[in-house]
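Welcome! Have the chain open in your favourite viewer, and let us walk through the structure together.

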Amino acid sequence: MKTAQTCYLCQAPATTFDHIPPKSLFPKDFQYKGVKVPACKSCNNATSKDDEYLRDCFAMTGWNKEARQVFLEGVRPSYLRPYAMMHQVTKHQKILNSMAKIDIKSPSGIFLRKVTAMKMKSDRVENALKKIVKGLHFHRYKKSIPDNYTLKVYFQPTDIGLNLLDEAKKKGALNAGRFGNTFCYMGFNVREDEFVGIWWLSFYQTHAAILMVDSSNKLLG
Ligand SMILES: [Zn+2]
């Protein structure tokens, strides 16, 4: 069982476990049934801040009951901690500063309404999303996605992303899972190469992303 003891992210000897999807995304009273994948301490520590950032962004802007609950139980207390309040610019302030009113327009350019949006650091969110896909893949195939494979993130998938998903569905095998109304996913891997595929992740019935795992454009080629 060598594979069970190497880190799913860097292949160093695993000394701990990572939860996929991150436990912090879930309300406290939710019966968590995520998976545990072997990880090394340094990967585990290095990614925990990105996980927290993902939770903050998605729970604050998610519209369902679970998002609201995670905001009250997890996000809010984290910026009201005495230590957090000591920073010159508090986390709360940073979040408020990142909020903006934006105009929603129809495809033909007609103004529809103003909504509150949040500018997020997409690289941090992307890292957290990629980690979820790497973890789901490892859990399913007991192998890490090799470094020479690229992971590309499409937020709130447009036609392009959805077409890719259809394309992958035709070519491959399906993985799927649902964790209450907090998180669900679908993954399609092509039969010729188990690493190549498309994963669709959804959070709080609000946010969706498609991640494409590819090597030398096998999926599109
Ligand atoms: Zn590692």
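## A cis bond to begin with

Where is the place of Pro21? Pro21 sits in the loop between strand E1 (16-20) and strand E2 (35-39). Please keep in mind that this is a predicted model. The peptide bond leading from Ile20 to Pro21 is cis, and its omega is near -10°. As background, most peptide bonds are trans, and most residues other than glycine have a negative phi.

## The chain as a whole

The protein chain holds 6 helices and 9 strands. It has 221 residues, of which 31% count as buried. Among its contacts with a separation of 6 or more, 56% are between residues 24 or more positions apart.

## Helix H1 against helix H2

A pair of packed helices is described by the angle between the two axes and the distance between those axes. Helix H1 (residues 41-61) packs on helix H2 (residues 65-80) at an angle of about 135°, and their axes are 7 Å apart. H1 and H2 are therefore oblique to each other. The crossing in which H1 passes H2 is left-handed.

Which residues of H1 meet H2? From H1 come Arg55, Asp56, Ala59 and Met60, and they meet Ala67, Val70, Phe71, Gly74 and Val75 in H2. Sorted by class, this contact of H1 with H2 has 6 nonpolar, 1 polar and 2 charged residues.

## Helix H1 against helix H5

H1 also packs on H5, here at an angle of about 105° and with the axes 8 Å apart. That makes H1 roughly perpendicular to H5. On the H1 side the contact involves Thr47, Asp50, Asp51, Tyr53, Leu54 and Cys57. Their partners in H5 are Arg124, Val125, Asn127, Ala128 and Lys131. By class, the contact of H1 with H5 has 5 nonpolar, 2 polar and 4 charged residues.

## Helix H5 itself

Helix H5 (residues 122-141) has 20 residues. From its first C-alpha to its last, H5 reaches 28 Å, close to the 28 Å expected at 1.5 Å a residue. Just after H5, Lys142 takes a positive phi of about 60°.

Which residues of H5 are buried? They are Val125, Ala128, Leu129, Lys130, Lys131, Ile132, Val133, Lys134, Gly135, Leu136, His137 and Phe138. Among these buried residues are Val125, Ala128 and Lys131, and these three also belong to the H5 side of the contact with H1.

## Trp199 and its neighbours

Strand E8 (residues 197-203) contains Trp199. Is Trp199 buried or exposed? Trp199 counts as buried because it has 26 C-beta neighbours inside 10 Å, where the cut-off for burial is 20 or more.

Leaving aside residues up to four places away in sequence, Trp199 touches Val133, Leu136, Tyr185, Gly187 and Leu211. Two of these partners, Val133 and Leu136, are listed among the buried residues of H5. Leu136 and Trp199 are 63 residues apart in sequence, and 9.5 Å lies between them in space, C-alpha to C-alpha.

## On either side of E8

Val196 is found in the loop between strand E7 (183-190) and E8. It counts as buried because it has 23 C-beta neighbours inside 10 Å. The C-alpha atoms of Val196 and Val213 are separated by 5.1 Å, with their positions 17 residues apart along the chain.

Tyr204 lies in the loop between E8 and strand E9 (207-214). Its phi is near 50°, a positive value in a residue other than glycine. Tyr204 counts as buried, because 22 C-beta neighbours lie inside 10 Å. Gln205 shares the place between E8 and E9, and it too is not a glycine yet has a positive phi, of about 55°. With 16 other C-beta atoms within 10 Å, Gln205 is partly exposed.

## An exposed lysine in E3

Our last stop is Lys105, in strand E3 (residues 99-105). Is Lys105 buried or exposed? Lys105 counts as exposed because it has 11 C-beta neighbours inside 10 Å. Not counting residues up to four places away in sequence, Lys105 touches Ile110, Phe111 and Leu112.

Definitions and conventions: Residues are numbered from 1 along each chain as its sequence is written. This is a predicted model: local features need pLDDT of at least 70, side-chain atom pairs count only at pLDDT 80 or more; totals for chains, interfaces and linings use all residues. Axes are lines fitted to C-alpha atoms, for helices over the stretch in contact, and angles run from 0 to 180 degrees between N-to-C directions. Helices (H or I, at least four residues) and strands (E, at least two) are DSSP runs, numbered from the N terminus. Angles under 35 degrees count as roughly parallel, over 145 as roughly antiparallel, 65 to 115 as roughly perpendicular and the rest as oblique. A crossing is left-handed if the near helix is turned anticlockwise from the far one by less than a right angle, and right-handed if clockwise. Two residues are in contact if their C-beta atoms, placed from the backbone, lie within 7 Å. Ala, Val, Leu, Ile, Met, Phe, Trp, Tyr, Cys and Pro count as nonpolar, Asp, Glu, Lys and Arg as charged, and the others, Gly among them, as polar. The expected span of a helix is 1.5 Å times one less than its number of residues. A residue is buried if 20 or more other C-beta atoms lie within 10 Å of its own, exposed if 12 or fewer, and partly exposed in between; C-beta atoms are placed from the backbone.
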